[in-house]
Amino acid sequence: SYSHPYVWFKGDESYSGLYNSSNVDLKFTARYPDIIPNREIAGSISYIDEALTPAGKHSKIMLWSGNCRPGVEALQEVAALGLESMNGGNTILSKRFPGLSAVAPRTIYWDEQLQVYASNQNEFMYTNGWQGPYYGGFSQVIETFEMTETPRRLKPVNVYYHFYSVERHDALKALDDIYSWCKNESLHSLTTSQFAALTRDSHHTKLYQTGARSWTALNEGELRTYRLPGSLGIPDLNECRGVTGFIQHEGWIYVHTDGSKKSLIALSDNPEPQLHLVSSSAEIAFQRREADLVKFTTSDLRPIEVVLGGIPAKGRIIFDINGEHRSMTADDRGQVRLKLPMQAEVRAAIAE
């Protein structure tokens with residue numbers, strides 16, 4: 001934004017006691033009586049895109065500053081530009097703040113405008129407004145990650161902090177420990193704009209029950225995973241449409257789709273096994289999925305791990321990965337774990 005507003009619209013008293021002014025004290029020309037959304041949003045995005053970004057790249061998301069309560073006019077401004085926006089919410093669940101009341105929702109409405117909240121809070125909230133403790137403060141976000149995963153998954157992992165976190169060695173040590181924890185977890189990476197888009201899409205997704213254990217899902221294809229109670233069975237991939245696989249986790253079943261705007265999810269107790277996606281650490285695009293063959297591409301900023309299932313136990317599967325041929329033997333569960341480069345084109349077939 002142009003002036004980093006603390007309070008986005010006149011008369012909003014939320015968190016007003018935290019701020020001595022309406023925006024950051026940068027210079028006189030960035031001080032003006034009332035926040036103007038067009039100046040803060042369209043003006044700053046225009047400057048970034050024209051003066052700062054490399055050729056071919058442009059802004060995709062607006063991150064709210066200050067009290068993160070943009071109001072209707074600011075949300076309309078972003079929507080008119082065709083961009084996503086995010087921030088706000090106050091998820092600080094930890095041993096210090098136990099209880100589900102410390103978990104914020106994913107979204108909130110301002111009249112007809114939907115605001116997408118950040119999944120977790122930043123170091124300002126964990127350090128008592130940057131008054132300390134610094135290490136023991138923000139490092140508690142690891143507890144938040146763990147407590148919003150077990151006994152049931154409530155939130156994704158989101159490491160959210162300001163540049164001033166490197167002002168102090170103890171605060172920097174907290175960041176180092178947080179990132180070390182993340183590196184040791186099986187996380188699927190998303191950009192912030194992707195997360196905002198899929199959160200918005202999830203809010204507008206429509207589910208229609210079409211049978212005793214079958215549903216049709218309609219959305220824009222940004223949200224690609226559906227969570228269902230494990231007691232309902234597992235996907236019958238012969239009957240499903242737009243489904244690429246599934247994974248069972250802590251009593252739930254997560255159903256993966258290919259990004260189609262219409263997906264048919266059909267569950268059964270003991271369907272015929274088919275080759276399918278179990279998990280991927282990066283975005284994955286399927287070009288083909290059959291009972292014994294899949295073709296997909298995937299890319300990320302780091303090496304990728306993909307798990308495929310539906311193979312006969314100890315069965316052999318033949319791969320073509322970026323033109324190189326190899327074969328692997330499935331484990332007792334009928335799964336194989338692939339270590340892929342940052343860009344991969346994969347063809348996999350179950351050997352006869």
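Reader: What is the mean pLDDT of the protein?
Author: This is a predicted model, where local features need pLDDT of at least 70, side-chain atom pairs count only at pLDDT 80 or more, and totals for chains, interfaces and linings use all residues. Residues are numbered from 1 along each chain as its sequence is written, and side-chain values use heavy atoms, with hydrogens and water left out. pLDDT is the predictor's confidence in each residue, from 0 to 100. Here 98% of the residues reach 70 or more, and the mean is 93.

Reader: Which element has the lowest mean pLDDT?
Author: Helices (H or I, at least four residues) and strands (E, at least two) are DSSP runs, numbered from the N terminus. Strand 4 (residues 113–116) has the highest mean, 98. The lowest, 86, belongs to helix 4.

Reader: Is Gln140, in the loop after helix 4, buried or exposed?
Author: Gln140 lies between helix 4 (135–138) and helix 5 (141–147). Beyond its neighbours within four places in sequence, Gln140 is in contact (heavy atoms within 4.5 Å) with Ser94, Arg96 and Tyr126. Buried means under 20% relative accessible area, exposed over 50%, partly exposed in between (1.4 Å probe, protein chains only). Gln140 has 15% relative accessibility, so the residue counts as buried.

Reader: How far apart are the end C-alpha atoms of helix 1?
Author: Helix 1 covers residues 37–52, 16 residues in total. The expected span is 1.5 Å times one less than the number of residues, which means 22 Å here. The model agrees with that: the end C-alpha atoms are 21 Å apart.

Reader: What covers the buried residues of helix 1?
Author: Those buried residues are Pro37, Glu40, Ile41, Ala42, Ser44 and Ile45. Their cover includes strand 1 (61–63) and helix 2 (71–80).

Reader: Which strands stand at the edges of the five-strand sheet?
Author: The sheet is open and antiparallel, in the order 13-14-19-16-17. Two strands pair if DSSP finds at least two bridges between them. Two of the strands have a single partner each, so one side of each lacks a neighbour in the sheet. These are strand 13 and strand 17 (324–329).

Reader: Which residue is the bridge partner of Lys295?
Author: Strand 14 pairs with strand 19 in the antiparallel sense, over seven bridges. The partner of Lys295 sits in strand 19 and is Arg347.

Reader: Which residues does Ala285 contact, leaving aside neighbours within four places in sequence?
Author: Ala285 belongs to strand 13 (residues 283–289). Its relative accessible area is 34%, so Ala285 is partly exposed. The contacts are Lys295, Phe296 and Thr297.

Reader: Which strand gives the largest share of the largest nonpolar core?
Author: A nonpolar core is a set of buried Ala, Val, Leu, Ile, Met, Phe, Trp, Tyr and Cys residues joined through side-chain atoms within 4.5 Å. This one has 22 residues, and Phe296 and Leu338 are among those touching the most other members. Elements giving two or more residues include strand 13, strand 14 (293–299) and strand 18 (336–340). The largest share, four residues, comes from strand 19.

Reader: In the four-strand sheet, what is the bridge partner of Pro235?
Author: That sheet is open and antiparallel, in the order 5-6-11-8. Strand 5 (206–211) and strand 8 (234–235) are its edges, each pairing on one side only. Strand 8 pairs with strand 11 (residues 262–268) over two bridges. In strand 11, the partner of Pro235 is Leu267.
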